[in-house]
Amino acid sequence: MLTKSSTELVRQRNSVLVLSVLRRHGALAHTEISDSTGLSSATISAITTELEKAQIIEKSEQQPASGRGRPRVLLRQRRDCGYLIVVIISSDAVQYSLVDYAGKLIDRFSEERSHDPAGAARFVAAVRAGLLRILDRSKISQEKVLLISISSKGLVNSTEPVLVWSPIFGSDQIDFESALRPEWQAKVILDNETLLVAAALGAREEMVKGADFRSLAALSLGHSVGLGIVRRGNQTGQEISAPNFGHMLHMANGGLCRCGTRGCIEAYAGFYAILRSAFEVPLDTIPAKFVPVAELDKIAAKARQGHRVPAFAFRQAGLALGNGLSRMLSLTERMPIAITGPGTRYYDLLRQGIEEGLGQSHIVRMEGMPEIRVVADEQILVFEGHLNRALSVIDEDIVLSGVQGAQASATIQESG
């Protein structure tokens, strides 16, 4: 078996670097790509010629603002090079988005998710139907879809698109790769939703702070509780993780959690936990699978009016979150915390408990309270995270398959 030469590997890495710069900055001139990548003009010429021949990028002209002089020649991704489907699974709905290779949204729709206890098999069938529906609406063939990017709350296999555990299906695992074959030939990837949120926030932060960016945590509040951590890596970009924060122990033999164990953070801070506490229901009561935000709004309204029990429910939730965050900071480093998700609407009621819990940490007592910011629109962050991750995967795959295909085609034509 032949191995790729080091020259070939360097060329592939440089090609991916060029595509990543175009993703970050949009259409660029030849010299701008060279400046952004640090690659020589000759190297950029060779790479862009190859990518253009493979129909991965294309040229366009931009007229000078004055209307005089030669137009600038810009390079950008070809929108029709291929397509991405993003599937976001939430507690009450599944959202499907169709995106072209340039990262432009073409179509989107959401479908309510039934809370059928029959569960995973019926859900997978609904996802298959949803994928076909979004293509049919835009009249795009399946062969043009390069990747299907799926996200969910819960535990995700780190190497395969397998949902190991989720608040929706419990321990009923879903292998999306197997579920979509052989009907779909596109690559399938699966990510924890809060990991994608952290990735999107980290990308935004690094754009602003550059080399000064160190780390950031994203805490997602809602029906479940999730945490994503993004840290600046050494040479491989950002390091992103999603520890199983919601199911860390908060109190031994405490409240019953949806995961089936007792005392998890989520058993005190998830929407069902706040509902249970506000109505003074026994802590061993089986948690509700889904709590409408309208119900929490009613409890929050009473808490803001000074009712003791609802206010205590939110304070206890905040304390569980703060204690968990204090442990996380002790194991990592003091870092800004971005609070996202539908639970941000109750931050005024959670804040006292969160700060009290954080204040019990040695690192916070020594270095001060970390910056806490509220980022309300989590769904935008989830989608951004999908695009950043999925389009990067597509770029790497397409360089290998597309450029090699173009080279093979050119060789055949020359020999002919």
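These legends walk through a few close-up views of a predicted model.

**View 1. The stretch that UniProt labels as a domain.**
The unreviewed UniProt entry puts the feature "domain: HTH marR-type" at residues 14-61. Look along residues 14-61 and you'll find 69% helix and 15% strand. From one end of this stretch to the other, the C-alpha atoms are 24 Å apart.

**View 2. The largest pocket and what lines it.**
Here we're looking into the largest pocket, which holds about 1,600 Å³ of space. Its lining counts 37 residues, and the ones nearest the centre are Ser20, Arg23, Arg24, Asn388 and Ser392. Which elements give two or more residues to this lining? They are helix H1 (6-25), strand S3 (72-77), helix H6 (193-209), strand S14 (238-241) and helix H13 (378-415). H13 provides the largest share, with 10 residues. Sorted by class, the lining is a mix of 14 nonpolar, 11 polar and 12 charged residues.

**View 3. Strands S8, S9 and S10 side by side.**
Start with strand S8 (residues 155-156) and strand S9 (residues 162-165): they run antiparallel and are joined by two bridges. A hairpin of five residues links S8 to S9. Across this pairing, Val156 stands opposite Leu163 in S9. Now move on to strand S10 (residues 174-175), which pairs with S9 over two bridges, again in the antiparallel sense. Leu163 turns up here too, with Ile174 as its bridge partner in S10. So Leu163 has Val156 opposite it in one pairing and Ile174 as a partner in the other. As a general point, side chains in a regular strand alternate between the two faces of the sheet.

**View 4. Phe271 meets Tyr346.**
Searching the whole structure turns up four aromatic pairs, and this view shows one of them, Phe271 with Tyr346. How are the two rings of Phe271 and Tyr346 set against each other? Their centres are 5.9 Å apart and their planes sit at 70°, so this pair counts as edge-to-face; the cut-off for that label is over 60 degrees. Phe271 belongs to helix H8 (residues 271-278), while Tyr346 is in the loop between strand S15 (337-340) and helix H11 (347-358), so the pair ties together parts 75 residues apart in sequence.

**View 5. The aromatic cluster around the same pair.**
Pull in Phe314 and you have the whole group: Phe271, Phe314 and Tyr346 make up one aromatic cluster. Are Phe271 and Tyr346 buried or exposed? Phe271 is buried, at 2% relative accessible area. Tyr346 is buried as well, at 1%.

Terms used. Residues are numbered from 1 along each chain as its sequence is written. This is a predicted model: local features need pLDDT of at least 70, side-chain atom pairs count only at pLDDT 80 or more; totals for chains, interfaces and linings use all residues. Side-chain values use heavy atoms; hydrogens and water are left out. UniProt positions are given in the numbering used here, feature names are shortened, and annotations may be inferred rather than shown by experiment. Helices (H or I, at least four residues) and strands (E, at least two) are DSSP runs, numbered from the N terminus. On a 1 Å grid over the protein atoms alone, a cavity is a set of points where a 1.4 Å probe fits but cannot get out, and a pocket is an open set with protein on both sides within 12 Å along at least five of seven lines; lining residues have an atom within 4 Å of a point. Grid points are joined across faces, edges and corners, and a volume is the space filled by probe spheres set on the points. Ala, Val, Leu, Ile, Met, Phe, Trp, Tyr, Cys and Pro count as nonpolar, Asp, Glu, Lys and Arg as charged, and the others, Gly among them, as polar. Two strands pair if DSSP finds at least two bridges between them. Rings of Phe, Tyr and Trp (its six-membered ring) pair if their centres lie within 6.5 Å; planes under 30 degrees apart count as stacked, over 60 as edge-to-face and the rest as tilted. Buried means under 20% relative accessible area, exposed over 50%, partly exposed in between (1.4 Å probe, protein chains only).
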